[in-house]
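Me: I have a model to go through with you. Short questions, short answers, please.

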Amino acid sequence: TLVGGAAPTSGTAGQVGQLYLAANGSLYKCTAASGGVYTWVMVGEASLGETATTAYRGDRGKAAYDHSQTSHAPTTQATPTAPGIMSAADKGKLDGVAAGANNYAHPVSDGTLHVPATGTNSSGKVLKAGATAGSAAWGTMSAADVGAEPVGTAGTNVAAHNTASEAHAARFNSKANVPIATTGTLTVAGWVGAAAPYTQALAMAGVTATNLICLSPASTATKAQLESWGAGMLFCTAQAAGSITYTAYGDKPTMDLPVVVGILG
């Protein structure tokens, strides 16, 4: 739509179908354009204004339209799920919160209290619970706190312990030793003597001059070795620390004989 002053003439340039609003409120329409000659036909009257019966200025209409296409602050009140403007009640709550404040309150029940403050007076001390709720305090550990004997009774207790230990040792020593077995071999070359009885000293760990011992062929002995043992009539005739003397009263063995010695005590 063109906005002009006076009514258009055949010389007023335009396009077919274009409207022309004259200053007097008359509205013209271009119906023909040929060879620089334009035909304008008045189709009605309108006046500029801002009411329901007037035409509105196009430049202002465009400005309003452009404004409507840009983002603007919300005009509705915010909700927990949608943004919006702040209500007066919400603004009042916000103004009542101090800078840097939070809504946390530390519990004050027993078992949730802070550790008491430390310092030079509590150096080296331990935290001890009192008899009432929330009464923990720094203190010095006593012997009774850990089940130790009070100072002054240690010597008595040590003496009693030593006496008991001596009794235990005496009772232990009175018990018979646990039997042990040790093995050896009587060799053919080890027999001494030109005729019966023949003797052979056999090294045997654990044997003393006084302990009780038991002699026998080893369980690994063969039938021939057992027969040689019997024919030789072997017996233990002496013992000393770490050795046993065997005596053959019969035939001198002609093969090595495995033996086992049980030390009974």
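Me: Where is the place of Met233?
Reply: This is a predicted model, and the helix and strand runs give the frame. Helix 4 covers residues 223-232, and strand 10 covers 234-240. Met233 sits in the loop between helix 4 and strand 10.

Me: What is phi of Met233?
Reply: Met233 is a residue other than glycine, yet its phi is positive. The value for Met233 is near 50 degrees.

Me: Is Met233 buried, partly exposed or exposed?
Reply: The buried class ends at 20% relative accessible area and the exposed class starts over 50%. Met233 has a relative accessible area of 41%. That value lies in between, so Met233 is partly exposed.

Me: Which residues form a nonpolar patch on the surface with Met233, and with what accessible area together?
Reply: The partners of Met233 in this patch are Phe235 and Tyr249. Together, Met233, Phe235 and Tyr249 have an accessible area of about 320 Å².

Me: Where is the place of Tyr249?
Reply: Tyr249 is partly exposed, at a relative accessible area of 43%. Strand 11 covers 243-248 and strand 12 covers 257-263. Tyr249 lies in the loop between strand 11 and strand 12.

Me: How many Å apart in space are Tyr249 and Ala231?
Reply: In sequence, Tyr249 and Ala231 are 18 residues apart. In space, taken C-alpha to C-alpha, the distance between Tyr249 and Ala231 is 8.8 Å.

Me: How many salt bridges does a search of the whole structure find?
Reply: Side chains of opposite charge can pair when their charged atoms come close. The cut-off here is a Lys or Arg side-chain nitrogen within 4 Å of an Asp or Glu carboxyl oxygen. On that basis, the search of the whole structure gives three.

Me: Which residue forms a salt bridge with Lys223?
Reply: The closest N and O atoms of this pair are 2.4 Å apart. That is within the 4 Å cut-off, so the pair counts as a salt bridge. Lys223 is exposed at 60%, and its partner is Glu227.

Me: Why are Lys223 and Glu227 separated by about one helical turn?
Reply: Both residues belong to helix 4. Lys223 and Glu227 are separated by about one helical turn because they are four residues apart in helix 4.

Me: Is Glu227 partly exposed or buried?
Reply: Buried would need under 20% relative accessible area. Glu227 stands at 46% relative accessibility, so it counts as partly exposed.

Me: Which residue forms a salt bridge with Asp66?
Reply: Asp66 is partly exposed, at 35% relative accessibility. The partner is four residues away in helix 1, residues 58-68. The closest N and O atoms are 2.9 Å apart, and the partner is exposed at 52%. The partner of Asp66 is Lys62.

Me: How many Å apart are the closest N and O atoms of Lys91 and Asp95?
Reply: Lys91 and Asp95 are four residues apart in helix 2, residues 88-95, so about one helical turn separates them. Lys91 is partly exposed at 39%, whereas Asp95 is exposed at 52%. The closest N and O atoms of their salt bridge are separated by 2.8 Å.

Me: Which residues lie nearest the centre of the largest pocket?
Reply: The largest pocket holds about 200 Å³ of space. Its lining has 15 residues, divided into seven nonpolar, seven polar and one charged. Nearest the centre are Asp110, Leu113, Gly134, Ser135 and Ala136.

Me: What kind of peptide bond joins Ala196 and Pro197?
Reply: Pro197 lies in the loop between strand 7 (180-186) and strand 8 (198-203). Omega is about 0 degrees for the bond from Ala196 to Pro197. The peptide bond is cis.

Conventions: Residues numbered from 1 in each chain as written. Predicted model: local features only at pLDDT ≥ 70, side-chain atom pairs only at ≥ 80, totals over all residues. Heavy atoms only, no water. Helix = DSSP H or I, 4+ residues; strand = E, 2+ residues; numbered from the N terminus. Buried < 20%, exposed > 50% of the residue type's maximum accessible area, 1.4 Å probe, protein only. 1 Å grid on protein atoms, 1.4 Å probe; cavity = no way out; pocket = protein on both sides within 12 Å on 5 of 7 lines; lining within 4 Å. Points joined across faces, edges and corners; volume = space filled by probe spheres on them. Nonpolar A, V, L, I, M, F, W, Y, C, P; charged D, E, K, R; others polar. Patch = residues over 30% accessible without salt bridge, like charges linked within 9 Å, V, L, I, M, F, W, Y side chains within 5 Å. Areas by Shrake-Rupley, 256 points an atom, 1.4 Å probe, with all protein chains shown as cover.
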